[in-house]
Amino acid sequence: MDNLFLPRLARIALVRDETPDTKTFGLRFRDPVDQRDFRFLPGQFLELSVFGFGEAPFCFASSPTRPELVEVTVRRTGQLTDALHTLGPGDEVGLRGPCGNGFDLPSAQGKDLLFIGGGIGLPPLRGLIWNVLDERERFGRVTIMYGAKTPADLVYKDELQEWAARGDVELLVTVDRSNNGWTGNVGMVPTLFDKTELRPKTTLSYVCGPPVMIKFVVQDLLMRGFADDAIISTLERMMQCGVGKCNHCAIGHRYVCRDGPVFTFRQIKELVE
Amino acid sequence: MAPSENHPVSRGRLCARGWNAHEAPAWGDRLTRPLVRRGGRLEPTSWENALELARASLTTLIEAGKDVGVLGSARATNEENYLAVRLARGALRTGSVDSFLRATYQPLVDGIVAVANGRAPAGTLADVEASDFILVLEGDLANTHPQAAHAVIKAVKAGARLVTVGCARTQLARLAALHLPALPGERGFLVAGLVAAAVAEPEPAGSPERPLPGFEALRGSVAALPVSEQLRQVARWLAQATRAGILVGPDGGPPERLVREGTAIATLAAVTGHLGRPGSALLPLPARGNLRGACEMGVMPHLLPGTIPLTEATAGARLARVWGRAPASALGLTAAGMPGRVAGLVVHAEDVPAVAPTGQDVLEALGQTECLVVLDAFLTPTARAAHVVLPVASFAEGEGTITSLEGRVQRVRPAARPPGEARHGWRALSELSAALGLPFPYRSANDVLREIGEVVPAYAAVADGTRDEAWGTFTSPPSDDREPTLRPLAADRVVAALPAVLALEGVFDWGSDPLVSLSPTLCRDHVSRRKLYPQGLVQMSRRDADGLGVRHGWSVRLASAHGEVALPIVLCNELEPGVLLVPYAFRERVAGVLGGRSEVPVTAEKVQ
Amino acid sequence: MANEARTISKRDVAGWLAALMRRAEVIAPVAAHGGDVAFAAISSPEQVVFDFQNSLHPPKQFVLPQTDPLVVIRRNGNGIELEPVRDAHPRVIFNLRSCDARSLAFLYRMHASDLPDGAYLARAENVTLVSLACTVPCELGFCTCCDAGPFLKEGTDVQLTDLGEHLLAEPGTDKGLAMLSEAGDLFRPARPDEERRRLELEEAAKRAFGAETCHFASAMRRVSTGRVPEELWGTMSDWCLECGGCNFVCPTCYCFSVKDMKQDGSWVRCRTWDSCQYQAFTLEASGHNPRERRADRIKRRFFHKVSAQYYLRDGTVGCVGCGRCVRVCLGTTDMPAVVEAIRKGAWNG
């Protein structure tokens, strides 16, 4: 029987600065067999080992349709992420996963998709977005809404431009506070709702971001006629094992690391704290 | 971790710190080799070299007429603290020996003893648990002293009446029959009011019907104090109780005020008939582990081991005989006075910024020390600043005794060997003293304990008692049949010239103690709080926050006659309106506003 | 129980233990420092205690140590090298009580279900349980309310019953049967009067419990449907001192954290016991804490132990009625007290 806690070794192949405190790391497994056989779904997460500092959960920020590198986007919040940010290409990390349930992409085929991300909430959606764009013909309209505190806080700045330039995607970006040179929308994410045509009956919406943002966005969507099982989000909890044993992430008898982190709003309502 | 159900105090129950105490010695960065500073860095060396360097540097300083001092610790054993005093008064010839936490505890004891005539803290937690009335004087015991809180909870469950006094409605206050609010610093004033109420009752103990010396003068001194119906009720409950437990939380106020508080508290016990009554407890609570032991071993600049006056001839002669050298009987510097003042400093098992009232700011003064010698099991910030570091065993490997708040002396037996070249603390301190010219006859911690028994009267039977009994033995304070001596009480009031009073919460930051900071399970809350509030925080009642128009997390500017500071607020519904508390861990941030005082009137306004 | 009960004379038990010790680490209750009885690996059969109320500390630590090494992480010339830790040492836990045997079956299920925890299972699958049925109820236990004693029908490899001069041994599994067979002549088939005596002892033990002391059913209903008033959790939480003792001595508690310990230039990733009663248990890196209040944490503990949702998931209530939480609680919030408060809707302190 496998040791559930044994990571696979991986090397950092790429580091990209996203914002002053956030970086994206592209990882490649040290063992070519791992690299070849590793499978994951957008919405799942991995447990990343920064040797000497411990382990922490991060969502997959890349799509399984582009498996050359497994990407995570990490903001500095403490000792482990500080240490991670000092690492560069060639440095070794550990990777355990995939953990969790992932987005249910097959059931989204044929539907219109609305992605709503706030700040550091875009990374879990990015993997899903690229997956969808790589299989574009399977889905209806694709709309991406993204907001951050300031223009400097926007992640994936180059990709945002790529998405904006595509004809088969509608991209709406906003910032809470602008600076010189920003010509786009200013205001919180819900202000973007009136800038596009929403079709609640045919659309699945995926919402990721700070809890306060999710709360207001979901309220707005419900008011506009979205069903509570057509609104999908990810939950975060303190985690340790990531495999449903340690009980840290339990909400009632559900485990965010096993039954989630992806939940519909209907499921979230049913969770008993 | 496997506590024994047969332990007379714990009965198999521990607090969170107890259940996880095994982590720090295993997970923490351990000192395993002596270190000396060369070219700005600490480098490993042999014990011989390290001791020689310490000897040479300290001797040079002494010969140049400079001050040297020694800091003992509530984290160390009795043997280690005794040897720290011997190092100071015997080898270094200085009276500057102290521990930072002493001032939060010993003055209370002194004040109690002044009334109780030698019958110092009396009673046990078992007495408290069996009491029918309990008075808790300030402190969130559920957090600071869980075993004491356990005794209180059990007593209340069995029907005891609890009264709490303090500036916050703590967890225990919610279980109380009555909570008496008191501003920070006014605990003594409230107790004086209780005394006034008690002496106004018919036939209080000490009254003409049941005379105690000093009663009339006492009654006169409290006659003018306002006495509310609540105070009267509490005094009555106390007087009517068969067994009463009085628990006194540690305090960071000026020592003279603490002495007066201790006197008031003992007076209250006396006039309600509980002072010295079997089954009634009067227990000042030491802020950390072996603080009572440290004090009784003489880790104080103004008393000899056994809390005997410096000039007491018999004690001095006894020490001279036992040490082979007369002790330096000068009055030395206090712990707070040493950093920056002494050119040479030996620190045993203590991280100075963690316990100094000035917090991190003390590192600057510490950096001016010309020769800093540190003995510790862990590489603390103080060790990092040292010129010589001597690695010693932690409590998990140590041998020696510790003295609980009840005066129970228990042996610490090694559960493992000290790692690397670390030595037992008693041995390292002895070797340092020997290097400085004071040889030692000890071959074990028990030898040290026997010597303590010769020198500290209350410990005379301890060496045998701890060997024979599974769970240690009580110290035996000198028997004294004298009645308590009542004295006039002087009540301290905080002059509330401004709308709010700012004070520090607690006297000790567990988060900076290695037991917690090096334990992965225990350190999480403290690390998180420091991370979330790098600038510190101030706790405020919702009523005050509403009055200022601020919400949780918003900043307020606090201003006193001494300074001002802006801090984010944390709503704390347990606080009395008008009371602002800053956790002890963030004391540096309000040092300017407090201006060296333990509480200060302030104005508060929203930061726009 | 398989109908293959055997009997061993008490005079031969030392020989049996000696034989067991040759093949496995034998863990049994022994007299410990201070007069306690505690489970420990024995070095001689004479250490084993038969006449004892249950130990304060459950034997779970022998399959789930408080600090449990999982992976060794080394840095060498090639970079990082990882080595999973696997402890498959054969062990016998001897003279554990029925409640503890049930708890080990529970823990096994927790670690084997869903994603099997290989490290735990390596240890657990190499443990043989020889439990000693309780002919006299212990002072604070309530195993009859949890189907965990005083005698077991299943869940132990061998069940011993003290018949006076002899022990009756009932194999409960193939592993147990094999163990008894290996002991050969030390055992003989049980006589009918001995089997009758064993049944009598069980009936007497059950009767001696008297009225039930922990009514889970109605508490379960309320906990599972959110019908416990929030104020009640708040009131109860004032009587809890957050020591975590209940979690550490509870034989069915297994919450843990995973941390890397530095050791001689390398690291060891360890599982360490944790407590859902500690504030930091759910504290997130952002500082947000969904269970900031002690009331929420106490509510969580009893949901996990007593809810129908978990009962359906686990096949049993999360309590074996050993009574240890009553002994160890630094406050007054043990299982029977809280269950009663939930039933009655009121707390008595």
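**Reading the sheets and interfaces of a predicted model**

In strand β4(A), Pro57(A) is the bridge partner of Glu47(A).

Colleague: This is a predicted model. How many bridges join β3 of chain A to β4(A), and in which direction do the strands run, parallel or antiparallel?

Modeller: In general, the strands of a sheet pair through backbone hydrogen bonds, in either a parallel or an antiparallel manner. Here β3 of chain A, residues 45-50, runs antiparallel to β4(A), and six bridges join them.

Colleague: In what order do the strands of this open sheet in chain A stand?

Modeller: The order is β4-β3-β6-β1-β2-β5, six strands with antiparallel pairing. From one strand to the next, the twist averages 40°.

Colleague: Why is one side of β4 and of β5 in chain A left without a neighbour in the sheet?

Modeller: Both β4 (54-59) and β5 (70-75) of chain A stand at the edges and have a single partner strand each, so one side of each lacks a neighbour in the sheet.

Colleague: Which strands form the open sheet of chain B, and is the pairing parallel or antiparallel?

Modeller: Five strands of chain B form an open sheet in the order β7-β6-β5-β8-β9, and the pairing is parallel. Its edges are β7 (178-181) and β9 (281-284) of chain B; each has a single partner strand, so one side of each is left without a neighbour in the sheet. The twist in this sheet averages 10° from one strand to the next.

Colleague: How many bridges join β8 of chain B to β9(B), and what packs on the sheet?

Modeller: Four bridges join β8 (residues 244-248) of chain B to β9(B), the two running parallel. Within this pair, Gly245(B) stands opposite Ala281(B) of β9(B). Helix α13 of chain B, residues 255-271, packs on the sheet and touches β5 (133-137), β8 and β9 of chain B. The direction of α13 makes about 175° with that of β8(B).

Colleague: How should one read the sides of chain C that touch chain A and chain B?

Modeller: The size of an interface is often given as the accessible area lost when the parts come together. Here the description rests on residues in contact: 38 residues of chain C with 31 residues of chain A. β11(C) gives the most to that side, with five residues. By class, the side touching chain A divides into 22 nonpolar, nine polar and seven charged residues.

Towards chain B, 33 residues of chain C are in contact with 31 residues of chain B. β11(C) gives the most to this side, with three residues. The side of chain C that touches chain B has 13 nonpolar, 14 polar and six charged residues.

How values were computed:
Residues are numbered from 1 along each chain as its sequence is written. Chains are lettered from A and ligands numbered from 1 in the order in which they are written. This is a predicted model: local features need pLDDT of at least 70, side-chain atom pairs count only at pLDDT 80 or more; totals for chains, interfaces and linings use all residues. Two residues are in contact if their C-beta atoms, placed from the backbone, lie within 7 Å. Ala, Val, Leu, Ile, Met, Phe, Trp, Tyr, Cys and Pro count as nonpolar, Asp, Glu, Lys and Arg as charged, and the others, Gly among them, as polar. Two strands pair if DSSP finds at least two bridges between them. Axes are lines fitted to C-alpha atoms, for helices over the stretch in contact, and angles run from 0 to 180 degrees between N-to-C directions.
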